[in-house]
Each structure stands twice: as C-alpha cells, then as structure tokens.
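Q: Could you take a close look with me at one part of this model? I'd like to start from a single ion pair and then see what surrounds it.

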Amino acid sequence: MKKLSVRTRVLTGAALVAALGAGTFGAVSASASTPAAAPAAVTADAADGNLMQSTHLTVEAATKAARATLDAAEKENQRVSVAVVDRNGNTVVTLRGDGAGPQSYESAVKKAYTAVSWNAPTSELVKRLENAPTLKDIPGTLFLGGGAPVTAKGAPIAGIGVAGAPSGDLDEKFARAGVAALGR
C-alpha cells in the first residue's frame, strides 16, 4: 500500500469533517420543528360592527388652516404660534410665527388639544372651570382662550390652537380664522 502524503491526508481529513458536519447539520435541520403557520388574515367590513370610520384633516388642509391663522395674526401685528391637532390630539402642523415667544409653541399645542378634546372653544371651557376646577389638572390641556375645534357633521375632527397674542380673545379670534379657511 502506498503511503499518502501529509498534504493528501490533511485534505482528505478536512473533506471528511466537512461532509460529516454537513450531514449533521442537515439531520438537525430536518428534525427541527417547522414554524407554526401564520394565522389566516381576518377580514372585516363595516357591516359586521367591528370597524368604524373617522374623518381626519389632510396635511394640506391642516397646513391651509394654520397658514390662514398665522396670516390673520400677522395682519394685526401679532406674533403667535399655531398648532393643528387631529381628533386624537396628535400634532399635524405647527407654525411658529416670526418673533413668537418660546412658550407659545407648547401653549398652542395644548390649546388645540383642549379644544378638540371637549369640542368647544377654550374660552368657553375656561368658564366651566368655575364648576369643575380640577379640569385644569388633566395632562396636556390648557384652559385659556385661543383654541377652536374643527368639526364635521357635528363631531370634532381637529383642533386649532394659537398662543402669543396679548389676550386669549385675540388668540381665539385667529384660531377661528383658521377654522373658517377650511370652509372656503
């Protein structure tokens, strides 16, 4: 029998180890449990009562309202911030006017959130504090004039908040200008 060279023995051994490793891997893989099949897609339609539809402003409409609000304030030389939130209180658009105070941004968002949450102008909600003073303790709200709800078929779909003018009455006047712009 002919003696094999060291190189041949090393290569033969490496090939044998690789073959055994591949066989072991294949056996382990084959015996592994197969993943559970993904659940079939569930279909639902409005007729089955599991779904509801809601109305939301588009980004374009929210931007139009915010721009109209800011324009109304600028015509009266007021430096304000404007926020438009959706029905769920999520901010859709904010505009901080030139020279608006640093606190006005957050205040505008809170006023918009408050207006849409109660479907009422925030100036009206301020009056409710007399009978329910703890309303002001609800997180994320601000009971000062300057917020106006946007409605569709009587239901709130958005809120516009304005902050930065010298009075809540002015802030709310500008917010109402934004609401009115959506009707044009």
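How many residues apart in helix 2 are aspartate 71 and arginine 67, and by about what part of the helix are they separated?

A: Happy to. Please keep in mind that this is a predicted model. Aspartate 71 and arginine 67 are four residues apart in helix 2 (residues 59–75), so about one helical turn separates them. They form a salt bridge in which the closest N and O atoms are 2.8 Å apart. Both partners are partly exposed: aspartate 71 has a relative accessible area of 30%, and arginine 67 has one of 37%. The pair also belongs to a network of salt bridges that links Arg67, Asp71 and Glu74.

The structure holds eight salt bridges, and two others make useful companions to this one. The first to look at joins arginine 128 and glutamate 124, at 2.9 Å from N to O. These residues, too, are four apart, here in helix 4 (residues 122–128), so they are separated by about one helical turn. Arginine 128 is partly exposed at 33% relative accessible area, and glutamate 124 is partly exposed at 36%.

The next one joins the side chains of aspartate 171 and lysine 111, with 3.0 Å from N to O. This pair links distant parts of the chain, since aspartate 171 sits in helix 5 (residues 168–182) and lysine 111 in helix 3 (residues 104–118), 60 residues apart. Both aspartate 171 and lysine 111 are buried.

Back to helix 2, this time for its nonpolar side chains. The largest nonpolar core has 19 residues, and those with the most contacts inside it are Val80, Val82, Ile160, Val162 and Phe174. Helix 2, strand 1, strand 3 (147–152), strand 4 (155–163) and helix 5 each give two or more residues to this core. Helix 2 gives the most, with six residues. In soluble globular proteins, nonpolar side chains tend to be buried together.

Valine 80 is a good residue to zoom in on. Leaving aside residues up to four places away in sequence, valine 80 touches, among others, Leu70, Ala73, Leu95, Val162 and Asp171. Asp171 is the buried partner of lysine 111 described above. Apart from this core lies another one, of seven residues, including Val85, Ala112, Val116 and Ala163.

Val85 brings us to the strands. Strand 1 (residues 81–86) pairs with strand 2 (residues 91–96) in the antiparallel sense, over five bridges. The bridge partner of valine 85 in strand 2 is threonine 91. The two strands form a hairpin with four residues between them, and glycine 89 in the turn has a positive phi of about 85°.

If you are checking backbone torsions, two more residues deserve a look. Most residues other than glycine have a negative phi. Asparagine 119, however, has a positive phi near 50°. Asparagine 119 lies in the loop between helix 3 and helix 4 and is partly exposed, at 29% relative accessibility. Lysine 153 is not a glycine either, and its phi is positive at about 55°. Lysine 153 is placed in the loop between strand 3 and strand 4, where it counts as exposed, with 89% relative accessibility.

Methods:
Residues numbered from 1 in each chain as written. Predicted model: local features only at pLDDT ≥ 70, side-chain atom pairs only at ≥ 80, totals over all residues. Heavy atoms only, no water. Salt bridge = Lys/Arg side-chain N within 4 Å of Asp/Glu carboxyl O. Buried < 20%, exposed > 50% of the residue type's maximum accessible area, 1.4 Å probe, protein only. Pairing = 2+ DSSP bridges. Core = buried A, V, L, I, M, F, W, Y, C linked by side-chain atoms within 4.5 Å. Contact = heavy atoms within 4.5 Å.
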